[in-house]
Amino acid sequence: MKKVATYQLARTLRFDRTPLPPLVLGLARACRPYLGRYAAVIVFFGLWQLASTLGWLNPAVIPPLDRIVMALINALQNGSLAGDIGISLQRSGIAFGASILIAIPLGLAMGSFRSIEKTLDPILQLFRQTSALALYPVFILLLGLGEASKIFVIFWASVFPLLMNTITGVQQTDPRLIEMARVFGASRLEVFRRVVVPSAIPSIFVGLRLSATSTLLLLVAAEMIGANQGIGFQVMNAQYNFQTPLMFAAIFLLAGLGLLGNYLLVLIQKRLCRWESHETA
Amino acid sequence: MTAMAEGLNVSRVNKSFALKESRLEVLRNIDLEIATGEFVAIIGASGSGKTTLLRILAGLDQADSGTIQLNGASVQGVGPERAMVFQEPRLLPWLSVEANVAMGLELMGESRTDALRQARHYLDLVGLTAFYDAYPRQLSGGMAQRVGIARGLAISPDILLLDEPLGALDAMKKIRMQQELERLWREQNITMVMVTHDIEEAIYLADRIVILSNDQKSALQVMRVDLPRPRQRSDSRFVAYREALLDTFHLNDTADADATSNATETTP
Ligand SMILES: Nc1ncnc2c1ncn2[C@@H]1O[C@H](COP(=O)(O)OP(=O)(O)O)[C@@H](O)[C@H]1O
Ligand SMILES: [Mg+2]
């Protein structure tokens, strides 16, 4: 029944009576689950386009999507955004990379050794609760207005979620599994390698994704406050110059960057934690 | 106590735990000799110290005093000659079934390929040939427990210690696993010490049944089960052992160490 209805709807939409080629039907069927999932997004963008072209919204403030997309394509083609994309990727990449290099080993150590955790926890809680943005002026005074302060403020915001989640992951290791490994002769190091680290990985990935979100947030903030290059800067710059399509193009670029980062992390996690996604008996 | 050269010799083992303001005496002057290749079941009410005794044998806990010797050598801490099957399977969820079984062998220094080859052999033994690559969460409770048993057997220990390994299984699976355990014990020629709260399970499997009581003043009671194998639960002598064991529990206060021999004599 449902299939027939879909078919008829598809035919009606084509406004003719010729049978649909199987390719179209197959495509429609393949898209259906996504259609459901992204229906809200599609409707949102559809309304946007409609509202802007029909003048319900002021197109000078909210331009129609096709103009934004054109602005984006133009900017990408003539390379006027290339430098900004490059520098933004560099800033966020270095900061996020530094967070990984510092937070994961430190978190593993703090989670494993009560003494290290007890020593460092109060100061880390203090740091963590202090907004990175509030500290940005301090970082600028310390490191200058250049790259260092920007990277550092991004790092500051992204390191804590990863650190905290790594610690939690280690501490949540099932003590019964540790005991089991011990009975089979595992040394402390072997227990760490074979039990503690693998069992902390899901939590570490939660941290990585939170950390990636913070990275992007602070990237934009830092670039808006005191930069003359970067995607975040271009958002502000385009706005000053009344180039709203370009402004939105830069915003979309940032959103895309966030989605891509998250997607990549989910992909890596799925590969690493294949055991999690398996069906139960 | 005279030290036996062969087998496991537990002598005057005491164990208590510190509570908030007092000490809880759990094991008091435990003497127990287990011959090589013997199947010993430990039964007792919950809280009577069965797990504690097994953990001490495994080397996971330390006795306050007393000695444990295996084939004449003093036992300190964990060791590859003693393997443990826990009440919950305790499998590493991120490792495949075969990798779980292989882990003990790898920790003993075997190469990964050798360890995996032997792991598969033991998985065959417990009837899990089709599940080498499965992940623990894909297994049923009974299957997971078999993996735990395979993992214990794989390191070729002298003694396999089992803590209520079938406690979580339903009645049908339990009986099948009891048969399998007996077969493995026979084929592998291994000493098994198994904690259970199931009296029939103890009679079905054990050469001797050790009864731990909550009452610290009475000594350990031991009952020998003289029945040909495989044992039949409906056998009148099986039933008589069951009655005798039940009596032992009901008559805990008046029974002394000799109740064991009395019990066997009560056979109708
Ligand atoms: N680590 C521990 N600390 C304090 N008390 C314990 C500990 N382990 C066991 N006990 C206590 O010792 C008693 C015996 O425990 P256990 O050996 O687990 O009994 P069983 O396995 O026979 O049910 C129980 O009362 C238990 O609460
Ligand atoms: Mg117990």
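Which residue of chain B has a polar side-chain atom 2.5 Å from an oxygen atom of ligand 1? In this predicted model, the residue in question is B:Thr52, whose polar side-chain atom lies at that distance from a ligand oxygen. Two further polar contacts of ligand 1 can be described alongside it: an N or O atom in the side chain of B:Thr51 is 2.7 Å from an oxygen atom of the ligand, and a polar backbone atom of B:Gly49 is 3.0 Å from an oxygen atom of the ligand. The protein covers 60% of the accessible area of ligand 1, which amounts to 560 Å² for the ligand on its own.

The shell around ligand 1 includes the run B:Ala45, B:Ser46, B:Gly47, B:Ser48, B:Gly49, B:Lys50, B:Thr51 and B:Thr52, and it is completed by B:Phe17, B:Leu24 and B:Val26. By class, these residues comprise four nonpolar, six polar and one charged. Two elements of chain B, strand β2 (23-34) and helix α1 (50-58), give two or more residues each to this shell, and α1(B) gives the most, with three residues.

Chain B also contains an open sheet of six strands, in which the order is β6-β7-β8-β3-β9-β10 and the pairing is mixed. The edges of the sheet are formed by β6 (82-85) and β10 (221-224) of chain B, each of which pairs on one side only. On average, and with direction ignored, neighbouring strands of this sheet are turned by 20 degrees against each other. Helix α5 (residues 171-188) of chain B packs on the sheet, where it touches β3 (39-44), β7 (159-163) and β8 (191-195) of chain B, and the direction of this helix makes about 155 degrees with that of β8(B). Towards the β10 edge, strand β9 (residues 208-212) of chain B runs antiparallel to β10(B) and is joined to it by four bridges; within this pair, B:Ile211 stands opposite B:Gln221 of β10(B).

Two features of the backbone conformation remain to be described, one in each of chains A and B. In chain B, the peptide bond that joins B:Arg229 and B:Pro230 is cis, with omega about -10 degrees, and B:Pro230 is located in the loop between β10 and α7 (236-250) of chain B. In chain A, A:Phe242 has a positive phi of about 55 degrees although it is not a glycine; A:Phe242 lies in the loop that falls between α11 (231-240) and α12 (244-272) of chain A.

Notes: Residues numbered from 1 in each chain as written. Chains lettered and ligands numbered in written order. Predicted model: local features only at pLDDT ≥ 70, side-chain atom pairs only at ≥ 80, totals over all residues. Heavy atoms only, no water. Pairing = 2+ DSSP bridges. Axes fitted to C-alpha atoms, helices over the stretch in contact; angles between N-to-C directions. Contact = heavy atoms within 4.5 Å. Near = heavy atom within 4 Å. Polar contact = N/O pair within 3.5 Å; in protein donor to acceptor, adjacent residues only side chain to side chain. Areas by Shrake-Rupley, 256 points an atom, 1.4 Å probe, with all protein chains shown as cover. Nonpolar A, V, L, I, M, F, W, Y, C, P; charged D, E, K, R; others polar.
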